[in-house]
Amino acid sequence: MSVLINSATWKQLVLHKNKLDKTDMKTMFAADPERFPRFTVKQKGILFDYSKNIINDETIRLLFKLADDCDLKVKIDAMFSGQKINVTENRAVLHTALRNLRSTKITVGSNDIMPGINDVLSRMGRFAESLHKGHHQGFSGKKINTIINIGIGGSYLGPAMICGALKYYAKPDMKIRFVSNVDGTDIIENLKGIDPETTLFVIASKTFTTQETLTNAETAKKWFLESAAGKNDIKSHFIALSTNIDGAKEFGIDPKNVFGFWDWVGGRYSLWSAVGMSIALYIGFDNFASLLAGASETDEHFRTEPFEHNMPVIAALLGIWYSNFFDARTQAVIPYDQYLARLPEYLQQLDMESNGKSVCLNGELVDYSTGPVIWGQPGTSAQHSFFQLIHQGTQMIPVDFIAVMNNANKPGNHHDILLSNFFAQTEALMKGRNEAEAREELESQGMDETEIKKLLPHKIFPGNKPTNSIILDKLDPHTLGMLVAMYEHKVFVQGAIWNINSFDQWGVELGKILAKQILPQLTAAEDVTDHDSSTNGLMNYYKGKH
């Protein structure tokens, strides 16, 4: 049995959960008119209401005690100070330094990394300004108005989510597309309808060797050169976000248009680095800087606020409460704002690639649940697809509901209707509907007793379903930066308490290795015989049919 689940606090939480099984949130709200203010945290621009959870004061006390037992504050300080907490790769974890706009000295080893960060930011700003003012033009002298970001993983999901969320702030007439899948359909469809004379390709690959990214980049280059442009024109239409200057130069990219980042920037945390160049080109560098500033504000909140008022810490501990004591295997994220449509997809990588681990830092197998499955889509569409499962299904599914107080677009009464659903769903999940309430509704519809008895069991909702409500004052670059950083730190806290490394991703390596072995076999003349019978059969079927 691990130290974690054998700890006194863990055992107390098990006993405490058993006591809470005998009550429900509806009863708690009825008994305590101050429940909402007591279980709410406010940060400038964001309200976090966690009162609709299966908790009381004792729950929170024990969860904070668990965090203290796991030396959470020490681990937070270790990350911010540049200690090599990514132990399997012997690296620091300093995406927070990328948004350290006060330029406080941060060292890795004996080197202050802030001058390098500031230099890259300055170069990004100058390039974005040059493009927006029309100084950096296409090969025919036309102004660039289309950005195509080619990357995968964090080099795609982060920028794509941010650009979608901040579409309202896009530069006039600027369009952006994202290519990630090595499936040729992705690049071919994204090349349709664009003008090579006004398109800039942003190739995002730290090593400039990522197979999927380089394959798509070569296809884009071939398409570009077929437009009657010459090889020298590549310099006007391709830039790289990479540490491999020589590789980018060999591709045809001007070295001055290669923007680097560092090994202490994990892919899923890289949107704050040069990988955010597509964001800066789409919404302007001033808005990109505001995004960084918002994240920096959450960093300071996370680093300095007591746990009792610390939004990422509370969110993380609630996730542990349900994952480890209620056996919840998934968590849904439902943004009630169409601009945030890609947020659940982004959080899937952030959370599942970080905490989808089964080995502790010391190499021992965990004997408790880690990393839930993250999923979701925007409300109100979600209400008409999978909310049935959340309301009346047999699984516990905690839900984060996210809304924006002041929507950028307000045609008619759309926003009031949207938020009425936001408020109603959290209330319905908490309250449910008992037999008496369901019967009263059916009787009001004029049903006779036979019909009522037949339908009554299907109209009962158990309720007591946990939700967090996150309300942003508005969806702008600064507030979005705050929100994303909050989720980053939530994931870190959970990994710290589970004693796992949230910053490596060895689980994706084996498939890559095997794919490299398989690729030449797909074009070889002879049948494949050196894999298992299923893989051999599938590969030979493909070779015989395509």
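Which strand does strand β5 pair with, and over how many bridges? In this predicted model, strand β5 (residues 146-150) runs parallel to strand β7 (residues 199-204), and five bridges join the two.

**Figure 1. A five-stranded parallel sheet.** Let us begin with the strands. The open sheet follows the order β6-β5-β7-β8-β9, with parallel pairing. At its edges stand β6 (175-179) and β9 (258-259); each has a single partner strand, so one side of each is left without a neighbour in the sheet. Look at the pairing of β5 with β7 to find Ile 150 opposite Ile 203. Helix α9 (residues 211-225) packs on this sheet and touches β5, β6, β7 and β8 (238-241), and its direction makes about 160 degrees with that of β7.

**Figure 2. Helices α1 and α14 packed together.** Here helix α1 (residues 8-20) meets helix α14 (residues 311-325) at an angle of about 80 degrees, and their axes are 11 Å apart. That angle makes the two helices roughly perpendicular. From α1 come Trp 10, Leu 13, Val 14, His 16, Lys 17 and Leu 20, while α14 brings Trp 321, Asn 324 and Phe 325. Sorted by class, the residues of this contact are six nonpolar, two polar and one charged.

**Figure 3. The largest pocket.** This pocket holds about 1200 Å³ of space. It is lined by 40 residues, and those closest to its centre are Thr 210, Gln 505, Val 508, Glu 509 and Lys 512. Helices α7 (154-165), α9, α15 (343-355) and α21 (509-518) each give at least two residues to the lining, with the largest share, five residues, coming from α21. The lining is made up of 14 nonpolar, 15 polar and 11 charged residues.

**Figure 4. The largest cavity.** The structure has three cavities of 30 Å³ or more, and the largest of them encloses about 110 Å³. Among its 17 lining residues, Leu 318, Gly 319, Tyr 322, Gln 331 and Pro 398 are the closest to the centre. Two or more lining residues come from each of α14, β10 (330-336), β12 (399-406) and β13 (467-474). Helix α14, which also appears in Figure 2, provides the largest share here, with five residues.

**Figure 5. The second largest cavity.** With a volume of about 50 Å³, this cavity is lined by residues including Gln 331, Leu 347, Asp 351, Tyr 487 and Lys 490. Elements β10, α15 and α20 (477-498) each supply at least two residues of the lining. By class, six lining residues are nonpolar, one is polar and two are charged.

Key
Residues are numbered from 1 along each chain as its sequence is written. This is a predicted model: local features need pLDDT of at least 70, side-chain atom pairs count only at pLDDT 80 or more; totals for chains, interfaces and linings use all residues. Side-chain values use heavy atoms; hydrogens and water are left out. Two strands pair if DSSP finds at least two bridges between them. Helices (H or I, at least four residues) and strands (E, at least two) are DSSP runs, numbered from the N terminus. Contact means heavy atoms within 4.5 Å. Axes are lines fitted to C-alpha atoms, for helices over the stretch in contact, and angles run from 0 to 180 degrees between N-to-C directions. Angles under 35 degrees count as roughly parallel, over 145 as roughly antiparallel, 65 to 115 as roughly perpendicular and the rest as oblique. Ala, Val, Leu, Ile, Met, Phe, Trp, Tyr, Cys and Pro count as nonpolar, Asp, Glu, Lys and Arg as charged, and the others, Gly among them, as polar. On a 1 Å grid over the protein atoms alone, a cavity is a set of points where a 1.4 Å probe fits but cannot get out, and a pocket is an open set with protein on both sides within 12 Å along at least five of seven lines; lining residues have an atom within 4 Å of a point. Grid points are joined across faces, edges and corners, and a volume is the space filled by probe spheres set on the points.
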